[in-house]
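Work through the exercises below with the model open. Each task is followed by a stepwise solution.

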There are 2 protein chains.
Amino acid sequence: MPGTTAHGARGALAFEIPTWLLDWERTLPEALRGDEAAMRVAIEAAARNVRHGTGGPFGAVVVEVASGAVAGIGINIVVSGGSSVLHAEMVAMMRAQLRVGFHKVGGADGIPMTLYTSAEPCAMCMGAIPWSGVDRVVCAATDADVRSIGFDEGDKPANWLSAYRLHGIAVSNGILRDEAVAVLRAYQTSGGVVY
Amino acid sequence: MPGTTAHGARGALAFEIPTWLLDWERTLPEALRGDEAAMRVAIEAAARNVRHGTGGPFGAVVVEVASGAVAGIGINIVVSGGSSVLHAEMVAMMRAQLRVGFHKVGGADGIPMTLYTSAEPCAMCMGAIPWSGVDRVVCAATDADVRSIGFDEGDKPANWLSAYRLHGIAVSNGILRDEAVAVLRAYQTSGGVVY
C-alpha cells in the first residue's frame with residue numbers, strides 16, 4: 001500500500017481536530033439557549049472552516065436540551081482529516097460520545113440531546129443519527145441547497161421524516177437557512193473542493 | 001457534562017483498536033485471493049470479536065482488488081470504543097483511509113478496492129460506502145439475518161442496489177452466508193448486548 005502513515009501502521013483510529021476549532025470553542029458561552037443561538041454556532045463553525053481552509057462548508061453542534069451545554073462541535077474535515085466519514089454531523093456526534101464516555105451522546109442515562117446542523121444530513125449522517133442517541137435534529141440549509149453547489153447528498157429513504165418520527169426523533173427544518181446558504185455560496189465562490 | 005474523558009477534553013478524535021485485532025491481523029497472509037478467502041477474514045474477525053467480548057458479531061475487510069492486499073480490517077467496537085459510528089464497515093474504511101493517507105480507500109489514484117462485510121450494511125454504513133472510495137461490496141449474512149437476532153438495520157432506500165449500480169458500486173450477496181449466520185447465532189447464545 002502506498003503512503004502508509006504512522007497512524008495506519010500503529011492501528012490507532014485517530015483524527016486531528018483543527019486547532020482553530022479547539023481555540024474558538026473555548027470562547028463560546030457555557031449555554032446555548034434556543035434553536036437560533038445553537039444554529040448560529042453550527043453555521044459559524046461552517047463559515048470558519050471555509051475561511052481556515054480546513055474543509056467543506058458544513059458545521060454541526062450537539063446541545064444538551066435542558067442546560068443548553070455544548071456536548072460536541074463538528075465541522076467537515078473529510079479532506080484535511082483524511083476520511084470520508086468526517087462530515088460535520090459525524091464529528092459532532094463522535095466528539096459528544098467521547099466526551100461522555102459512552103456510545104450514545106446522552107450517556108447511559110439518555111439525557112435528551114439535539115443535533116443542530118448547518119445543512120440537511122446526507123445519507124450516511126441520516127443513517128448514523130438514529131444510532132447516536134440524538135433525540136432531535138434541527139437543519140438550516142436544505143438538501144436542494146447543498147446539491148445546488150455540487151455536493152452529493154446520497155440516496156436517502158423517501159420517507160425519512162416519518163421514519164425518524166417512528167424512532168422518536170423530531171426534525172425541524174429551515175432554521176437560519178439563509179445564513180447557512182450564504183456559507184455554501186461563499187465556499188462555492190472561493191473555489192472550495194467539491195468531492 | 002458527566003464523565004468528561006481525557007480524549008474529549010483535549011478534543012482529539014481517537015478510538016482504540018483492540019490489541020487482539022492488531023496482533024491477529026499481523027498473522028494474516030500478505031494477499032487474500034478470491035471472494036471466499038477475503039470473506040473468511042471478515043467472518044473470522046467477527047467471531048474473534050465475539051469471543052474477546054470487544055463488540056458485536058460483525059467484521060469487515062477492505063481489500064485491494066489487483067493485489068489482494070488487506071487495506072483495513074474492521075470489527076464492531078460500538079460499545080467498547082464508545083461511539084455508535086464504530087460499525088465494522090466504518091472501522092475498516094477509516095483504517096484503510098488512514099493507511100493510505102487520503103479520504104478515499106483507493107488513495108488519490110483511485111486504486112480499485114472491495115469491501116467484504118460479514119453482514120449486509122445498516123443504513124449508516126450503506127450511506128457511507130459511496131463516499132469511501134470502495135468500488136464493490138460483498139456481503140455474507142443478509143439484512144433479515146441481522147434483524148433476526150435483534151439488531152436494527154435502520155431505514156435504507158428501497159432501491160439501494162440499483163442506486164449503488166448507478167454510482168458504479170457492484171454488490172454481491174450471500175458469500176459464506178451460513179458461516180456468518182453462525183457467528184450471529186453464537187453472539188445471541190452468548191447473551192451479547194443488542195443495542
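**Exercise 1.** In the hairpin of β2(A) and β3(A), find the residue that takes a positive phi.

Solution. This is a predicted model. Start with the strands: β2(A) covers residues 59–64, and β3(A) covers residues 70–75. They pair in the antiparallel sense over 5 bridges. One register point is A60(A), which stands opposite G74(A). Now take the 5 residues between the strands. G68(A) is the residue sought, with phi near 75°.

**Exercise 2.** Find the strand β4 of chain A that pairs with β2(A), and decide whether β2(A) is covered or not.

Solution. Go to residues 113–119, which form β4(A). Its pairing with β2(A) is antiparallel, over 5 bridges. Fix the register with V63(A), whose bridge partner in β4(A) is T114(A). Next, check burial: 6 of the 6 residues of β2(A) are buried. Then split them by direction. G59(A), V61(A) and V63(A) point one way. A60(A), V62(A) and E64(A) point the other way.

**Exercise 3.** Compare the reach of helix α3(A) with the expected span, then list what covers its buried residues.

Solution. The helix runs over residues 35–52, 18 in number. From first C-alpha to last it reaches 26 Å, close to the 26 Å expected at 1.5 Å a residue. Look next at the buried residues, among them A38(A), V41(A), A42(A), A45(A) and N49(A). An α-helix has 3.6 residues a turn, so residues three or four places apart point the same way. The cover over the buried residues of α3(A) includes β2, β3, β4, β5 (136–141) and α9 (177–189) of chain A. After the helix comes G53(A), with a positive phi near 70°.

**Exercise 4.** Which residues have the most contacts inside the largest nonpolar core?

Solution. The core has 133 residues. Those with the most contacts are V61, V62 and M93 of chain A, and V61, V62 and M93 of chain B. Follow M93(B): beyond its neighbours within four places in sequence, its contacts include V62(B), L115(B) and A128(B), and also V85(A).

**Exercise 5.** Describe the side of chain B that touches chain A, and find which element gives the most to it.

Solution. Count first: 53 residues of chain B are in contact with 52 of chain A. Elements giving two or more residues to the chain B side include α1 (6–10), α6 (123–132) and α8 (160–166) of chain B. α5(B) gives the most, with 9 residues. By type, this side has 30 nonpolar, 17 polar and 6 charged residues. Finally, pair the strands: β1(A) and β1(B) run antiparallel over 3 bridges. There A14(A) stands opposite A14(B).

Terms used: Residues numbered from 1 in each chain as written. Chains lettered and ligands numbered in written order. Predicted model: local features only at pLDDT ≥ 70, side-chain atom pairs only at ≥ 80, totals over all residues. Contact = placed C-beta atoms within 7 Å. Helix = DSSP H or I, 4+ residues; strand = E, 2+ residues; numbered from the N terminus. Nonpolar A, V, L, I, M, F, W, Y, C, P; charged D, E, K, R; others polar. Pairing = 2+ DSSP bridges. Core = buried A, V, L, I, M, F, W, Y, C linked by C-beta atoms within 7 Å. Buried ≥ 20, exposed ≤ 12 C-beta atoms within 10 Å, placed from the backbone. Expected span 1.5 Å × (residues − 1).
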